[in-house]
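This report looks at how some helices and strands of one chain are arranged. The sequence and the structure are shown first.

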Amino acid sequence: MKIALMDSGIGLLPAAAAVHRLRPDADLVLSSDPDSMPWGPRTPEDVTQRALACVRAAAAHRPDAVIIACNTASVHALPALRAEFEPGLPVIGTVPAIKPAAAGGGPVAIWATPATTGSPYQRRLIRDFADGVQVTEVACPGLAEAVQWADSAAIDAAVADAAARTPRDIRALVLGCTHYELVADRIRAAVQPPDAPPIALHGSAGAVAAQALRRIGATPASPAPTPLPEGRLTVILSGREAALPEVALGYTEGRLLAREPLPRG
């Protein structure tokens with residue numbers, strides 16, 4: 001079994017790690033385009049062409065399915081990707097977890113890139129899955145880029161800026177960019193009032209990983225006395241096969257995929 005994932009950068013790590021946890025024996029192909037980061041400010045046409053290039057590079061490795069582990073690409077490029085690659089290669093988009101977040105009744109905030117915030121796609125999801133729920137869309141300029149380069153000071157600044165524009169009474173927060181899941185703990189600390197019940201954070205990695213397995217008729221691995229052999233990891237950076245970027249190892253998900261020891265505690 002081989003699953004490909006694409007993103008502008010290391011935002012694909014949470015979904016890749018989720019696939020690995022479900023099926024450690026699956027081969028993974030990670031195709032990203034760090035040379036053209038960030039994608040958020042680019043035009044929909046530009047995003048579409050870059051997403052197509054990433055998936056074409058991954059498709060050359062003959063995966064069974066490809067996950068579009070990027071909200072911006074899912075918003076703008078999914079129809080073009082499906083038109084080119086399906087039905088031969090199932091294409092699984094990333095949908096912001098608005099439906100489960102709104103199930104608690106709200107209020108809900110959605111953090112996303114400027115390109116996704118206010119887009120017809122996101123507004124349609126809010127209308128379809130959060131009707132009657134108070135939803136605040138919060139654009140997070142610079143946050144995906146800061147996470148991409150593991151710039152701690154820039155992450156803190158971008159998180160603080162978005163938190164200041166987030167209502168204090170929210171009950172749930174949707175992480176509407178896959179990069180944000182890598183710093184979920186820092187986001188939670190910034191938005192959680194000390195005197196309020198815990199705010200629920202909703203990412204997409206687990207759901208999209210499970211959907212990819214369903215699309216190819218696979219099931220999560222069952223516990224076994226003998227661990228399954230771990231699948232092979234292939235990394236493609238802007239069309240070039242390479243090692244996992246050093247910056248990825250700064251995150252738990254990157255260390256998991258690189259088979260490096262995770263920190264204790």
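Which residues of H3 are buried? In this predicted model, the buried residues of helix H3 are Asn-71, Thr-72, Ala-73, Ser-74, Val-75, Ala-77, Leu-78, Leu-81 and Phe-85. Their cover includes the strands S1, S3 and S4 together with the helices H2 and H5. Helix H3, which spans residues 71-85, bends by about 75° at Ala-77, and the proline Pro-79 follows within four residues of that point.

Helix H5 also belongs to the surroundings of a sheet. Four strands, in the order S6-S5-S7-S8, form this open sheet with parallel pairing, and its edges are strand S6 and strand S8, each of which pairs on one side only. From one strand to the next the twist averages 20°. Strand S5 is joined to S6 in the parallel sense over five bridges, with Val-108 standing opposite Val-135 in S6. Helix H5 packs on the sheet, where it touches S5 and S6, and its direction makes about 160° with that of S6.

A further packing involves the helices H7 and H8, whose axes lie 9 Å apart at an angle of about 40°; the two helices are therefore oblique to each other. Their crossing is right-handed, and in the contact Ser-152, Ile-155, Asp-156, Val-159 and Ala-163 of H7 meet Arg-186, Ile-187, Ala-190 and Val-191 of H8.

The angles of the two packings are set out below.

| Packing | Angle |
|---|---|
| H5 with S6 | about 160° |
| H7 with H8 | about 40° |

Note on methods: Residues numbered from 1 in each chain as written. Predicted model: local features only at pLDDT ≥ 70, side-chain atom pairs only at ≥ 80, totals over all residues. Heavy atoms only, no water. Pairing = 2+ DSSP bridges. Axes fitted to C-alpha atoms, helices over the stretch in contact; angles between N-to-C directions. Contact = heavy atoms within 4.5 Å. Bend = angle between axes of the 7 residues up to and from the residue. Buried < 20%, exposed > 50% of the residue type's maximum accessible area, 1.4 Å probe, protein only. Parallel < 35°, antiparallel > 145°, perpendicular 65-115°, else oblique. Left-handed = near helix turned anticlockwise from the far one by under 90°.
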